[in-house]
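Grab your viewer and a notepad. Here are some short exercises on a ligand site and a pocket, each with a worked solution.

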Amino acid sequence: MNILAIESSCDDTAAAVVKDGREILSKAVASQVTEHIVYGGVVPEIASRRHTESICAVVGKALNDAGLSLNEIDGIGVTYAPGLIGALLVGVSYVKGLSYASGIPLIPVHHLRSHIAANYLTYPELEPEFLCLVVSGGHSHIIEVQSYTKFHVIGRTRDDAAGEALDKAARTMGLPYPGGLNLDREAADGNPHMYTFPRPRVDGSEYDFSFSGLKTSVINVIHNASQKGEQINVPDLGASFMDAVAGCLVKNTEKAALDFGYRKIALAGGVSANSVLRRKMEEVCKKHRWELYMPELSLCGDNGAMVASQAYYELLAGHTASLELNACATMSIEEDNR
Ligand code: KG4
Ligand code: ZN
């Protein structure tokens, strides 16, 4: 079964064709990074406009590169929640038109579900159940993947997402957008023991995260240094901060896996590309002899292929939508359980 899918929840207009949920036939993207870089972050209004301009060409390229015409497509997937509402609406409206004109089923896909599905593309043998740490610019969740379409959230952030904290820290250190990625590169040779950061715990919920205090601590270090006219060492500060963030993520995931009895662990989301997080997770999984699944780097961030993969499983479960489908800025991954 060939699925064409579109992702426009944030700043990339992406489309892809995936066969049977596992084999990428094509992957096209129009990146907006150079446009948002001058603002130090994504400007939602600009993102929506650029999606509108790029979407036809990106979908055309995905079909062309796959060597398929529309009548060889069995389902059209689209990210419909959560994300920037204007950006999501571009993808949803486009796909509604395409589905109406072609008669091909329309498949709404939750963004975090698609991030998890990036693992199905990287590991053809991987099947639920497993435990997944989903970490992106807007979310930090520990999720039980009970089936391809049934999820249960064990832990979540109480304030900032891990990616948000990394982006803010990077920006305060003077690094360009996209912050998390540049911080990872800049801190590659840094000493993670040069600066000490707290490892916040959330009272009453051992699986939840809190990153806003950590974010404030790193900003304070930078401001204090600048008030005293001292230079900060960006690689060392970045390495120490990433060590603290990744440490919290891995610690809670390890506890959840032990308490809920999971021996198959996966990572997902843009932050799953982080070198420190990947290394720490490898160490923990090796210690317990757990199987670890991490999306290949090109599939960690937002892309169309992961949406197509998840759309395939949603279609198998009969989760199609009518032309009344709307985009939603916020939605729990569980709300979509059917
Ligand atoms: O999943 P994603 O592409 O978009 C959202 O759904 O939010 O995640 C974007 C986040 C950003 O915060 C970005 O800085 C972060 O992922 N990110 C990284 C790395 N690559 C992307 N954070 C740390 N290390 C990286 N290598
Ligand atoms: Zn994402």
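The exercises below use a predicted model.

**Exercise 1.** Work out which residues come nearest to ligand 1, and how the shell around it divides by class.

*Solution.*
- Step 1: Collect the residues around ligand 1, taking a heavy atom within 4 Å as the cut-off. You should end up with 17, and His115, Gly137, Asp167, Asp184 and Asn274 are the ones that come nearest.
- Step 2: Sort the shell by class, which gives 10 polar, 4 nonpolar and 3 charged residues.
- Step 3: Map the shell onto the helices. Helix 4 (111–122), helix 5 (162–172) and helix 6 (179–186) each chip in at least two residues.

**Exercise 2.** Find polar contacts to oxygen atoms of ligand 1 from His111, Gly163 and Asp167, then say how much of the ligand's area the protein buries.

*Solution.*
- Step 1: Look for N or O pairs within 3.5 Å. Asp167 puts a polar side-chain atom 2.5 Å from a ligand oxygen.
- Step 2: His111 also uses a polar side-chain atom, at 3.0 Å from an oxygen of ligand 1.
- Step 3: With Gly163, go to the backbone: an N or O atom there sits 3.3 Å from a ligand oxygen.
- Step 4: Now the area. On its own, ligand 1 exposes 550 Å², and 85% of that is buried by the protein.

**Exercise 3.** Describe the second largest pocket by its volume and lining.

*Solution.*
- Step 1: Its volume comes to about 190 Å³.
- Step 2: Of the 13 lining residues, Pro200, Arg201, Glu206, Lys251 and Asn252 lie nearest the pocket's centre.
- Step 3: Split the lining by class and you get 6 charged, 4 nonpolar and 3 polar residues.

Notes: Residues numbered from 1 in each chain as written. Chains lettered and ligands numbered in written order. Predicted model: local features only at pLDDT ≥ 70, side-chain atom pairs only at ≥ 80, totals over all residues. Heavy atoms only, no water. Polar contact = N/O pair within 3.5 Å; in protein donor to acceptor, adjacent residues only side chain to side chain. Areas by Shrake-Rupley, 256 points an atom, 1.4 Å probe, with all protein chains shown as cover. Helix = DSSP H or I, 4+ residues; strand = E, 2+ residues; numbered from the N terminus. Nonpolar A, V, L, I, M, F, W, Y, C, P; charged D, E, K, R; others polar. 1 Å grid on protein atoms, 1.4 Å probe; cavity = no way out; pocket = protein on both sides within 12 Å on 5 of 7 lines; lining within 4 Å. Points joined across faces, edges and corners; volume = space filled by probe spheres on them.
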